[in-house]
Amino acid sequence: RAAVSAEAAAEAPKGAVQIVLDEATLILPLADVIDLAKERERLAKELKRLESAIASIDQKLGNESFVAKAPPEVVEEQRERRDEAAAARSKLSDALARLQAA
């Protein structure tokens, strides 16, 4: 079992992941634990998948025929899926930006 410790730091070391919880920021130094290049690649791939999903949903919602003929609950479900995908995209973009800076 590994020892766990915590200490205050003026800035995050290179290769650290930052997690914001309310007003606290936790910094986990992971550069020696994970392959940062592979993690960047994984995040970029997931971002592409989300971009594709958002574009597909936008195409459906932009189709007047779909919006007019589909049941309202189906249209609302598509809007919710788009909102969820956009929120996930934002979080992944932030995570990737932090890794790019590492």
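There are 4 salt bridges in this structure, which is a predicted model. Let's start with Glu 39 and Arg 42, whose closest N and O atoms sit 2.8 Å apart. Both residues belong to helix 1, 3 residues from each other, or about one turn of the helix. Glu 39 is partly exposed at 22% relative accessible area, and Arg 42 is partly exposed too, at 46%.

Further along, Arg 49 and Glu 46 form another salt bridge, at 2.6 Å from N to O. Here again the two partners are 3 residues apart in helix 1, about one helical turn. Arg 49 has a relative accessible area of 47%, while Glu 46 comes in at 25%.

Now for a bridge between helices: Arg 82 and Asp 58 meet at 2.6 Å, N to O. Arg 82 is in helix 3 and Asp 58 is in helix 1, so this pair ties together parts 24 residues apart in sequence.

Helix 3 itself covers residues 72-101, and its 30 residues should span 44 Å at 1.5 Å a residue; the end C-alpha atoms are indeed 44 Å apart. Its buried residues include Val 75, Gln 78, Leu 92 and Leu 99. The buried residues of this helix pack against helix 1 (36-62) and helix 2 (64-69).

Stepping back, the protein has 3 helices and 2 strands, running β-β-α-α-α from the N terminus. Of its 102 residues, 17% count as buried. The accessible surface comes to about 8000 Å², with 52% of that belonging to carbon and sulfur atoms.

Key: Residues are numbered from 1 along each chain as its sequence is written. This is a predicted model: local features need pLDDT of at least 70, side-chain atom pairs count only at pLDDT 80 or more; totals for chains, interfaces and linings use all residues. Side-chain values use heavy atoms; hydrogens and water are left out. Helices (H or I, at least four residues) and strands (E, at least two) are DSSP runs, numbered from the N terminus. The expected span of a helix is 1.5 Å times one less than its number of residues. Buried means under 20% relative accessible area, exposed over 50%, partly exposed in between (1.4 Å probe, protein chains only). Contact means heavy atoms within 4.5 Å. Accessible areas come from the Shrake-Rupley method with a 1.4 Å probe; for residues, only the protein chains shown count as cover. A salt bridge is a side-chain nitrogen of Lys or Arg within 4 Å of a carboxyl oxygen of Asp or Glu.
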